[in-house]
Amino acid sequence: MAVTMAEITKLRHLTSAGLMDCKKALAETDGDIEILRKKGQAVAAKREDRNAAEGCVLSKNEGNFAAILALNCETDFVAKNEGFVSLAKKLLDIAVENRCKTVDELKAITVDGITVADLVTEESGKTGEKTEIGAYEVVEAPTTAAYNHFNNKLAAIVGFNLPDVDAQVGREICMQIASMNPVACSREDVPQATIDQEIAVAVEKTKQEQIKKAVEAALKKAGLNPNHFDSEDHIESNITKGWITEEDATKARQIMKETAEAKAANLPEAMIQNIANGRLNKFFKESCLMEQEYVQDSKLSVGQFLEQTRKGLVAVAFKRVNLNQD
C-alpha cells in the first residue's frame, strides 16, 4: 500500500521511531501501527535473560521535585542512539510532570493511549535489544537541583531544607555528589549496620597493626630484617636468592608466631577502641556529604560552604546513579 507522510508522522509521534522504521512498519502491515509494539513484546520476551548493563542516565528537577531515570539496554551503540536518548528524556519528562514517586507509578502512566511500560517494550522492537528502566530515584525537598554528566552515564539530584536556593549552588553540590559518591547527607543518616561494619573493620585493622609492630620489633631485636619475612612467598624467594638461610626462616617463623600470639592476648582494648573511633570519624568525613571536603575549595567542607552561602542551609537528601559503577 502507499504510505502517506501523515501516517508516518502519526506513527513516529506514537512510537518515537525513525522515519524509515515507521514507513517500513506501515508498508509491511498495510497501515497497522501495532507492529512495533508487537515486535517489541516478542523481542522483550526473547531477551528477558540478557544483561542490560548499558544505557542512558538522566536527571531533571522542577521546584520541590527531582528525579533520575536510567533507561538500560545491552550495548553502548544503542545507548548513544538519538532515538534511545530521546525516549529516556521523554520518560523522565513524564515522571517529573506526574511527580511519580516509584518506577511502578511511572510505568502505569498512559501517554497517547499507551503506557510507559509499553513504550519501553516498543523500544526493544526498534533496537532488537533488551530494554528496561534500570533505575528510578526521586528527591522531594523545598529546593531541588539536578546534574547530568556529559556522557549520560552518571547523574545526581539533591534536596535542600530551604526554598529558593541559588541554582548554581545546587548544581555544584550535585557535582560534588557525582564525583565524591557520599553514602549519606550527615553522619546521623548513616545506617547503623554500616557504622557497625566500619567499626568492626577499624578494630580488626588496628589490632593487626599492633600485632605487626610487635612482630617487627621482635625480629629486629633478634637481628633479622622484618622485610625479609613479611610473607611465606617472600621468605621462600629470599632463601632462593641467598638473602636469608633456612635457619633464619625457621627462627623468624617461631618468633613471629610466639610474638603474635602473645600480643593478641594482651592488646590494650581502650587504645584499640580509640584508634578505631578515629578511623570511624575519618570515614564520616570522607563519606558524609556535609562533612566532605568541598571539591571547589579544599579549605571548606560542603557544610561550611552551604552555611557560608546561606545561613542554616543544609542538604537533606540526594540520589546518585552511575551506570559505570564506582
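These legends go with several close-up views of a predicted model.

The model is predicted, so local features are taken at pLDDT of at least 70 and side-chain atom pairs at pLDDT 80 or more, while totals for chains, interfaces and linings use all residues. Residues are numbered from 1 along each chain as its sequence is written, and side-chain values use heavy atoms, with hydrogens and water left out.

**View 1. The whole chain, with 13 helices and eight strands.** Helices (H or I, at least four residues) and strands (E, at least two) are DSSP runs, numbered from the N terminus. Of the 326 residues in the chain, 42% are buried (under 20% relative accessible area; exposed is over 50% and partly exposed lies in between, with a 1.4 Å probe and protein chains only). Take the contacts (heavy atoms within 4.5 Å) between residues at least 6 apart in sequence: 64% of them join residues at least 24 apart.

**View 2. Helix α9 meets helix α11.** The axes of α9 (residues 192-221) and α11 (residues 246-264) come within 9 Å and cross at roughly 140 degrees. Axes here are lines fitted to C-alpha atoms, for helices over the stretch in contact, and angles run from 0 to 180 degrees between N-to-C directions. The pair is therefore oblique (under 35 degrees is roughly parallel, over 145 roughly antiparallel, 65 to 115 roughly perpendicular, and the rest oblique). The crossing of α9 past α11 is right-handed, a label used if the near helix is turned clockwise from the far one by less than a right angle, with anticlockwise giving left-handed. On the α9 side, the residues in contact are Gln-210, Ile-211, Ala-214, Val-215, Ala-218 and Leu-219, and they meet Ala-252, Ile-255, Met-256, Thr-259, Ala-260, Lys-263 and Ala-264 of α11. That contact splits into ten nonpolar residues, two polar and one charged (Ala, Val, Leu, Ile, Met, Phe, Trp, Tyr, Cys and Pro count as nonpolar, Asp, Glu, Lys and Arg as charged, and the others, Gly among them, as polar).

**View 3. The open sheet β1-β2-β5.** Three strands pair antiparallel here; pairing takes at least two DSSP bridges between two strands. β1 (54-62) and β5 (132-140) sit at the edges with a single partner strand each, so one side of each has no neighbour in the sheet. On average, neighbouring strands are turned by 10 degrees against each other, direction ignored. Look for the nine bridges between β1 and β2 (residues 65-73); Val-57 has Ala-70 in β2 as its bridge partner.

**View 4. The open sheet β6-β7-β8 with helix α8 across it.** This is another antiparallel set of three strands, with β6 (143-148) and β8 (315-322) as the edge strands, each pairing on one side only. β6 and β7 (residues 154-160) run antiparallel and are joined by six bridges, and Tyr-147 stands opposite Ala-156 in β7. Helix α8 (residues 167-180) lies across β6, β7 and β8, at about 130 degrees to β7.

**View 5. Two loop residues with positive phi, Arg-99 and Asn-152.** Most residues other than glycine have a negative phi. Arg-99, not a glycine, has a positive phi of about 50 degrees. You'll find Arg-99 in the loop between α5 (82-97) and α6 (103-108), partly exposed at 29% relative accessibility. For Asn-152, phi is near 60 degrees. Asn-152 belongs to the loop between β6 and β7 and is partly exposed, with a relative accessible area of 22%.
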